[in-house]
Amino acid sequence: MSSNILLLPDRLLALVEPASTPVLTTLARFIFAAVLLVYYLNSALTKIPEGLINLVSPSFNAFAQIFPKEAEAVLYDIGQATIFQKLVILAGTWAEFVLPCLVVIGLFTRAAALGMIGFVTVQSLTDIFGHGGETGAWFDRLSDAVILDQRAFWVFLLLYLVFRGGGPISVDRLLYAAFDRNR
């Protein structure tokens, strides 16, 4: 009798679990859009203050944000950045525009979410080691550590999309349906 009571929640959830994945994948993308899309797009826009030409030509703002110590050492002169630094700056700027949009519309969702996890990791390391940001701590009584606490939630949300995909209301699903019809 007692084991039946313990198994009751599992049995009830087993009935709705197949239907939950499509809802949760769509909800995960919606939450990403509601919480992080504007954050990342605004951050990307700070890297191209002189206009869209900086999508192919790195700006000093991007240099200062992505390589803060190196930029300060050369008085923020983007001309002093190495080829490697310029390529990283351009890739980071493009990624900050493209990856969040791909996640939101559900195009190449798994790859875009994985790319965003990499982006969040690099962003966090830059914030800690480049800008001297406070990491905070897990298992403390506070939940406001921007780097460890908040970004752990961001990565978890993105991991869900890596493993489950974009869901039924996504460009991925439309493309899959189009290609499946043509076979």
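A residue is taken as buried when its relative accessible area is under 20%, and K47, with a relative accessible area of 5%, is therefore buried. This is a predicted model, and the briefing below follows helix 5, which spans residues 109–130, together with the helices and loops around it. The axes of helix 5 and helix 6 (residues 146–164) come within 7 Å of each other, while those of helix 4 (residues 83–105) and helix 5 come within 9 Å.

**Helix 5 against helix 6**

- The two axes cross at roughly 165°, which means that helix 5 runs roughly antiparallel to helix 6, and the crossing in which helix 5 passes helix 6 is left-handed.
- From helix 5, the residues that meet helix 6 are T109, R110, A113, L114, M116, I117, V120, Q123, S124, D127 and I128.
- Their counterparts in helix 6 are I147, R151, W154, V155, L158, L159, L161, V162, F163 and R164.
- Sorted by class, the contact of helix 5 with helix 6 comprises 14 nonpolar, three polar and four charged residues.

**Helix 4 against helix 5**

- Helix 4 and helix 5 have axes that cross at roughly 135°, so helix 4 is oblique to helix 5, and this crossing is left-handed.
- The contact is built from G92, A95, E96, L99, P100, L102 and V103 on the side of helix 4, and from A112, A113, G115, M116 and F119 on the side of helix 5.
- By class, the residues in the contact of helix 4 with helix 5 are nine nonpolar, two polar and one charged.
- A113 and M116 of helix 5 appear in the contact with helix 4, and A113 and M116 are also listed among the residues of helix 5 that meet helix 6.

**Individual residues of helix 5**

- Q123 has its place in helix 5 and, because its relative accessibility is 12%, counts as buried.
- The side chains of Q123 and Y40 are joined by a polar contact of 2.7 Å.
- When neighbours within four places in sequence are left aside, Q123 is in contact with Y39, Y40, R151 and W154, and both R151 and W154 are listed among the residues of helix 6 that meet helix 5.
- A112, also found in helix 5, has a relative accessible area of 3% and is therefore buried.
- Not counting residues up to four places away in sequence, A112 touches L99, L102, V103 and L107, of which L99, L102 and V103 belong to the helix 4 side of the contact with helix 5.
- The C-alpha atoms of A112 and L37 are 13 Å apart in space, with their positions 75 residues apart in sequence.
- G130, in helix 5, is in contact with P68, K69 and L125 once its neighbours within four places in sequence are set aside.
- G130 and I66 are 64 residues apart in sequence, and the distance between their C-alpha atoms is 8.0 Å.

**Loop residues**

- K47 lies in the loop between helix 1 (2–45) and helix 2 (60–66), and its side chain makes a polar contact of 2.8 Å with the side chain of E96.
- E96, the partner of K47 in that polar contact, is also one of the helix 4 residues that take part in the contact with helix 5.
- Y76, in the loop between helix 3 (68–73) and helix 4, has a positive phi of about 60° although Y76 is not a glycine.
- With a relative accessible area of 37%, Y76 is partly exposed.
- F108 is found in the loop between helix 4 and helix 5, and it has a positive phi of about 50° although it is not a glycine.
- F108 counts as exposed, because its relative accessibility is 53%.

**A residue of helix 6**

- F156 lies in helix 6 and is exposed, with a relative accessible area of 59%.
- F156 and Y39 are 117 residues apart in sequence and 18 Å apart in space, taken from C-alpha to C-alpha, and Y39 is itself one of the residues in contact with Q123.

Methods
Residues are numbered from 1 along each chain as its sequence is written. This is a predicted model: local features need pLDDT of at least 70, side-chain atom pairs count only at pLDDT 80 or more; totals for chains, interfaces and linings use all residues. Side-chain values use heavy atoms; hydrogens and water are left out. Helices (H or I, at least four residues) and strands (E, at least two) are DSSP runs, numbered from the N terminus. Buried means under 20% relative accessible area, exposed over 50%, partly exposed in between (1.4 Å probe, protein chains only). A polar contact is a pair of N or O atoms within 3.5 Å; within protein, one must be able to donate a hydrogen and the other to accept it, and residues adjacent in sequence count only if both atoms are side-chain atoms. Contact means heavy atoms within 4.5 Å. Axes are lines fitted to C-alpha atoms, for helices over the stretch in contact, and angles run from 0 to 180 degrees between N-to-C directions. Angles under 35 degrees count as roughly parallel, over 145 as roughly antiparallel, 65 to 115 as roughly perpendicular and the rest as oblique. A crossing is left-handed if the near helix is turned anticlockwise from the far one by less than a right angle, and right-handed if clockwise. Ala, Val, Leu, Ile, Met, Phe, Trp, Tyr, Cys and Pro count as nonpolar, Asp, Glu, Lys and Arg as charged, and the others, Gly among them, as polar.
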